[in-house]
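User: I should like a close look at a single part of this structure, set out in connected prose. Please begin with the question that follows the display.

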Amino acid sequence: MYKEIVKEQNYEQIVRDTFENDYELFEFYHYITGDKNKALNDTIHKIVNFKNEVPNANYEFFAVKKEDDVIGYFSIANKKILHSFGLHINSRTKQNLNDFIRLIKEQKVELCMLFSKNTRAINFLIKNGFVFQNEIEYESDKITILKN
């Protein structure tokens, strides 16, 4: 498994492909539940528009590949914040998950902020060494902050 930096025009398709069949995400863990297209569009919007909404932000989007097939992605803001991540549901084997977190940690990530409802992602990161730091209010929802 390896990673490569992706150009902005390719973000949308990679995110769509990563989460396309992850029905559990859209039913329980995404802060927009019950509407897969709306949730996907919102996730893509937050990734693509991050640079416009956060002045002077440094942003890198990585495609995660195995044997030249894209099986997921992660994005890093300001060289230390894990902004978004996902691994295709059919690629979530124990070995792939271990390789995936290794690729993320190679970037020297310090923080991750997730909607508190996304307990699956929060538990994944905690299981892999991240530590709960705080929970804050954000636009009538809650955000969990994890520290690596």
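Which residue just after α6 takes a positive phi? Please then describe the helix itself and go on to strand β2.

Analyst: The residue is Gly-129, which lies just after α6 and has a phi of about 105 degrees. The model is a predicted one, and the values here are computed from it.

The helix α6 comprises residues 119-127, and its buried residues are Ala-121, Ile-122, Phe-124 and Leu-125. Viewed down the axis of α6, these buried residues fall within an arc of 160 degrees, and they therefore line one face of the helix. The elements that cover them include two strands of the chain, β4 (81-87) and β5 (111-115), together with helix α5 (94-105) and β7 (141-147).

Strand β2 spans residues 59-66. Of its 8 residues, 7 are buried, so the strand is largely enclosed by the rest of the structure. β2 pairs with strand β1 (residues 2-5) in the antiparallel sense, over 4 bridges; in this pairing, Glu-4 stands opposite Ala-63 of β2. β2 also pairs with strand β3 (residues 69-77), again in the antiparallel sense, over 8 bridges. Here Lys-65 has Val-70 in β3 as its bridge partner.

The connection from β2 to β3 is a hairpin with 2 residues between the strands. Within that turn, Glu-67 has a positive phi of about 50 degrees. A positive phi is thus found at Glu-67 in the hairpin turn and at Gly-129 just after α6.

Key:
Residues are numbered from 1 along each chain as its sequence is written. This is a predicted model: local features need pLDDT of at least 70, side-chain atom pairs count only at pLDDT 80 or more; totals for chains, interfaces and linings use all residues. Side-chain values use heavy atoms; hydrogens and water are left out. Buried means under 20% relative accessible area, exposed over 50%, partly exposed in between (1.4 Å probe, protein chains only). The arc is that of the directions from the helix axis to the C-beta atoms. Contact means heavy atoms within 4.5 Å. Two strands pair if DSSP finds at least two bridges between them.
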